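Trainee: Please take me through one part of this model with care, namely the empty space inside it and on its surface, and then follow that space into the packing around it. I would like each term given with its cut-offs as it comes up.

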Amino acid sequence: MTRAAAVFPNEGSHYVGMGKEFYDKSLTVRRYYDEAEKLLKSKIAKVSFLGPPEEQDLILNAQLGTFLNDVAFFDLLVQYKRKPDLLTGVGVGEIAALVWAECLSFSDALLFISKRASLLEAFAREKGGVGLFLTGLSEEQVTPLLDREEGRLFITHYLSPDSFAVWGPVEAAAAIQAELKDVRQVKMKTQLPRGPLFSELAVELEAPLEALLNECLGDTILKHPKMTFLSSDGGRPIARAEDARDVLVRQYSRPVQWSQTVRAAIGRGYRTWVEVGPGKTYTSFVKKTDVDTRVMNVEDAKSLTTVIKITG
């Protein structure tokens with residue numbers, strides 16, 4: 001079987017209807033939803049499949065729905081004996097990776113994600129600002145644009161050599177949009193209101209997240225990963241339980257260094273990537289980082305069949 005790296009996407013890749021085809025056809029996938037809804041006493045499937053979009057975009061719903069897709073769809077690969085050898089992910093995708101690396105249980109992960117949502121919502125309300133996706137500029141071109149009279153912008157995601165997500169005050173974001181609006185190769189898109197997650201400004205979340213993690217785990221201890229797992233802040237190998245805890249507590253106070261993570265995996269010999277969960281967001285940036293990689297995804301029956309055929 002082809003050696004493959006799996007990437008689990010974060011919220012932001014979510015969309016109304018994600019996971020419904022597998023939910024209708026696979027008892028395996030349905031069991032994940034059933035367990036989550038029983039544990040959290042929440043109708044996650046209804047929101048994921050029917051929306052409306054503004055309800056699905058809420059932090060709690062977006063993260064739970066994406067996490068369920070990430071974890072459940074990987075199980076389908078395992079059943080077809082197409083289990084990737086390397087795991088990575090972004091945001092809730094990193095938590096899905098830790099579940100499949102057997103660092104923490106599915107139920108503990110669900111509790112942690114659901115309970116931290118209120119912390120993240122309060123953080124986003126307090127910090128305000130605007131998140132902006134930029135593509136078509138190099139890092140050398142983006143960096144001088146960040147310190148402005150209207151306020152400082154932070155790069156929160158280094159997605160590919162010419163793609164970045166930034167966050168900053170509303171006025172600063174508007175100024176950079178005005179400056180770049182007539183630059184033909186540049187494309188911009190406003191992001192969901194999440195505040196400055198994945199930046200140094202989120203260091204204040206570390207203490208409450210650690211306390212919340214302890215609450216959710218109770219007497220359970222995190223375990224050492226049983227699969228190769230690279231963090232999204234640059235491709236650090238997560239080999240110990242202490243490293244896994246560090247990811248869960250500090251992932252939001254570090255930028256996503258996706259290009260570096262991709263290069264780290266390529267350096268280990270991985271040239272085939274499978275995005276497991278909604279969309280093709282992160283594999284599209286894999287391709288922009290290295291055009292010679294082969295990228296696929298698993299989000300419905302057709303894409304699963306393709307992965308099974310190509311990686312056999």
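**Cavities, pockets and their surroundings**

Mentor: The count comes to two cavities of 30 Å³ or more, where a cavity is a set of points, on a 1 Å grid over the protein atoms alone, at which a 1.4 Å probe fits but cannot get out. The model is a predicted one, in which local features need pLDDT of at least 70 and side-chain atom pairs count only at pLDDT 80 or more, whereas totals for chains, interfaces and linings use all residues. Residues are numbered from 1 along each chain as its sequence is written, and side-chain values use heavy atoms, with hydrogens and water left out.

The largest cavity holds about 70 Å³ of space, a volume being the space filled by probe spheres set on grid points that are joined across faces, edges and corners. Its lining, made of residues with an atom within 4 Å of a point, consists of Glu-94, Phe-198, Ser-231, Ser-232, Asp-233, Arg-236, Val-247, Arg-250, Gln-251, Arg-254, Pro-255 and Val-256. By class, five of these residues are charged, four are nonpolar and three are polar; here Ala, Val, Leu, Ile, Met, Phe, Trp, Tyr, Cys and Pro count as nonpolar, Asp, Glu, Lys and Arg as charged, and the others, Gly among them, as polar.

Phe-198, one of the residues that line this cavity, deserves a separate look. Phe-198 sits in the loop between strand E8 and helix H10 (206-217), helices (H or I, at least four residues) and strands (E, at least two) being DSSP runs numbered from the N terminus. Its phi is near 65°, which is a positive value in a residue other than glycine. Phe-198 counts as buried because its relative accessible area is 4%, given that buried means under 20%, exposed over 50% and partly exposed in between, with a 1.4 Å probe and protein chains only. A useful contrast is Lys-81, whose phi is likewise positive, near 55°, but which counts as exposed because its relative accessibility is 66%; Lys-81 lies in the loop between helix H5 and strand E2 (86-89).

From the largest cavity we can pass to the second largest pocket through Pro-255, which is among the residues lining the cavity and among those lining this pocket. A pocket is an open set of grid points with protein on both sides within 12 Å along at least five of seven lines. The second largest pocket holds about 180 Å³ of space, and its lining also includes Thr-143, Asp-147, Arg-152, Phe-154, Tyr-158, Ser-199 and Glu-200. Strand E6 supplies the largest share of this lining, three residues, and by class the lining divides into six nonpolar, three charged and two polar residues.

The largest pocket, in turn, holds about 780 Å³ of space. It is lined by 31 residues, of which Glu-11, Gly-12, His-157, Gln-191 and Leu-192 are the closest to its centre. Strands E3 (130-135), E6 (154-160), E7 (163-168) and E8 (187-190), together with helix H13 (281-289), are the elements that give two or more residues to this lining. E3 gives the most, with four residues, and the classes stand at 14 nonpolar, 13 polar and four charged.

The packing around these spaces can be approached through Trp-258. Leaving aside its neighbours within four places in sequence, Trp-258 is in contact, meaning heavy atoms within 4.5 Å, with ten residues that include Val-90, Trp-273, Phe-285, Tyr-158 and Ser-232; Tyr-158 belongs to the lining of the second largest pocket, and Ser-232 to that of the largest cavity. Together with Phe-67 and Leu-87, Trp-258 touches the most other members of the largest nonpolar core, which has 84 residues. Helix H5 (residues 59-79) gives the most to this core, with ten residues. Apart from it lies another core of 17 residues, including Leu-145, Val-166, Ile-176 and Val-186; a nonpolar core is a set of buried Ala, Val, Leu, Ile, Met, Phe, Trp, Tyr and Cys residues joined through side-chain atoms within 4.5 Å.

One last residue gives a sense of the span of the model. Leu-304, in helix H14 (residues 301-311), is buried because its relative accessible area is 7%, and beyond its sequence neighbours within four places it is in contact with Phe-22, Leu-76, Leu-77, Tyr-80 and Val-298. The C-alpha atoms of Leu-304 and Ala-174, which are 130 residues apart along the chain, are separated by 41 Å.
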